[in-house]
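Work through the exercises below with the sequence and the model open. Each task is followed by a solution in steps.

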Amino acid sequence: MTPSTLLPLLAAIVYAIGILLVKRAADLGVGVWRTAFVANIVGALSFQPLLLLGGTVHAHLWWQPVLVGFCFMLGQWLTFTSMDRGDVSVATPVLGLKILFVAVLVTLLGGEVLRPQLWIAALLATLGIALLNRRGGHPMHHHVVRTIVCAALAAATYAIFDVLVQRWSPAWGVGRFVPLTMAAAGLFSCAFIPRFRAPLSTISRPTWRWLLAGTATMAAQSLLFVYTIAQWGHAAAANVIYSSRGLWSVLLVWQVGHWVQNREQHLGHRILAWRFAGATFMMAAIVLVFI
């Protein structure tokens, strides 16, 4: 495998691990605002070593990394909002819709006519979401609708982020555009501070361990994926591989969710099987886009 395909695959696996750790921190009372803030600060710091790769700063285009950084911050907040009261095995596969949004944006920006496969893929993705929302024989109260809506909006926001990174990064260079973009995302995250339920100092030490482990893992997967797009482009192809995170997340919840005391382990094999089927339909839709 080439680096442009291996890194997105590795990012997908790391994402599935990281989101479980972040979810555990959320269950311990960190809250979505403090989680998003810490995640974006950790992420901004993790991208700064890329400055060593060099590049060119275009002062008159300062708004480009600022706009893209805002998109990343918004997508991060929507992602954590979907996880705050929802289930990881629902939210993560829905985030796979990003590949469809990326395909549409790339097609529209290129002035091409949308292929029939894209609409078939959209129908398969819709069916996948319906299966993810299946409740089985008893009611559940895990805010499934809210989870799906927030995750879908996050997917759309991240799609815009990916396309703009691919479009604008070459002129700046990976060592300039990406670090500046993530630094902007970190600064935008300061707007979350007034929404904190309590100061960061009130978070217990055990909870900090889960929070830092989760946000550092999420930063690592972001670094792998964003670097891939900025360096080699091919955002749509990279997203095909990266969208496997939906399957990885369902499998991790099913097999090792109890290690982080994830409540989804108690939903039963039948419900998780429907969710796995839903994630599979979404993966089929993603692959169909590129046939």
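**Exercise 1. Aromatic pairs**

Task: State how many aromatic pairs the structure holds, then classify the pair formed by Trp63 and Trp168.

Solution. This is a predicted model. The structure holds 11 aromatic pairs. One of them joins Trp63 and Trp168, with 5.3 Å centre to centre and 85 degrees between the planes. Planes over 60 degrees apart count as edge-to-face, and the Trp63 and Trp168 pair is edge-to-face. Next, place the two residues: Trp63 lies in helix H3 (residues 63-85) and Trp168 in helix H7 (residues 144-172), so the pair ties together parts that are 105 residues apart in sequence. Last, check accessibility. Trp63 has a relative accessible area of 36% and is partly exposed, whereas Trp168, at 14%, is buried.

**Exercise 2. A second pair**

Task: Classify the pair formed by Phe72 and Phe161, and decide whether Phe72 is buried or exposed.

Solution. The centres of the Phe72 and Phe161 rings are 5.3 Å apart, with 55 degrees between the planes. Stacked requires under 30 degrees and edge-to-face over 60, with the rest counted as tilted; the Phe72 and Phe161 pair is therefore tilted. Phe72 belongs to helix H3 and Phe161 to helix H7, so the pair links distant parts of the chain, 89 residues apart. Buried means under 20% relative accessible area. Phe72 has 5% and counts as buried; Phe161 has 2% and is buried.

**Exercise 3. Cysteines**

Task: State how many disulfides the structure holds, and classify Cys150 and Cys190 by accessibility.

Solution. The structure holds zero disulfides. Cys150 has a relative accessible area of 12% and is buried. Cys190 has 37% and is partly exposed.

**Exercise 4. Helix H1**

Task: Compare the span of helix H1 with the expected value, and name the residue with positive phi that follows the helix.

Solution. Helix H1 covers residues 3-27, which is 25 residues. From its first C-alpha to its last, H1 reaches 36 Å, close to the 36 Å expected at 1.5 Å a residue. H1 is followed by Gly29, whose phi is positive, near 100 degrees.

**Exercise 5. Confidence**

Task: Find where confidence is lowest and where it is highest in the chain.

Solution. Start with the whole chain: the mean pLDDT is 81, and 80% of the residues reach 70 or more. Confidence is lowest in helix H11 (residues 245-256), at a mean of 67, and highest in helix H8 (residues 174-188), at 95. Over residues 257-262 the pLDDT is below 50, and this stretch has 14 contacts in the model beyond near neighbours in sequence.

Notes. Residues numbered from 1 in each chain as written. Predicted model: local features only at pLDDT ≥ 70, side-chain atom pairs only at ≥ 80, totals over all residues. Heavy atoms only, no water. pLDDT = per-residue confidence, 0-100. Helix = DSSP H or I, 4+ residues; strand = E, 2+ residues; numbered from the N terminus. Contact = heavy atoms within 4.5 Å. Expected span 1.5 Å × (residues − 1). Phe/Tyr/Trp six-rings, centres within 6.5 Å; stacked < 30°, edge-to-face > 60°. Buried < 20%, exposed > 50% of the residue type's maximum accessible area, 1.4 Å probe, protein only. Disulfide = S-S within 2.5 Å.
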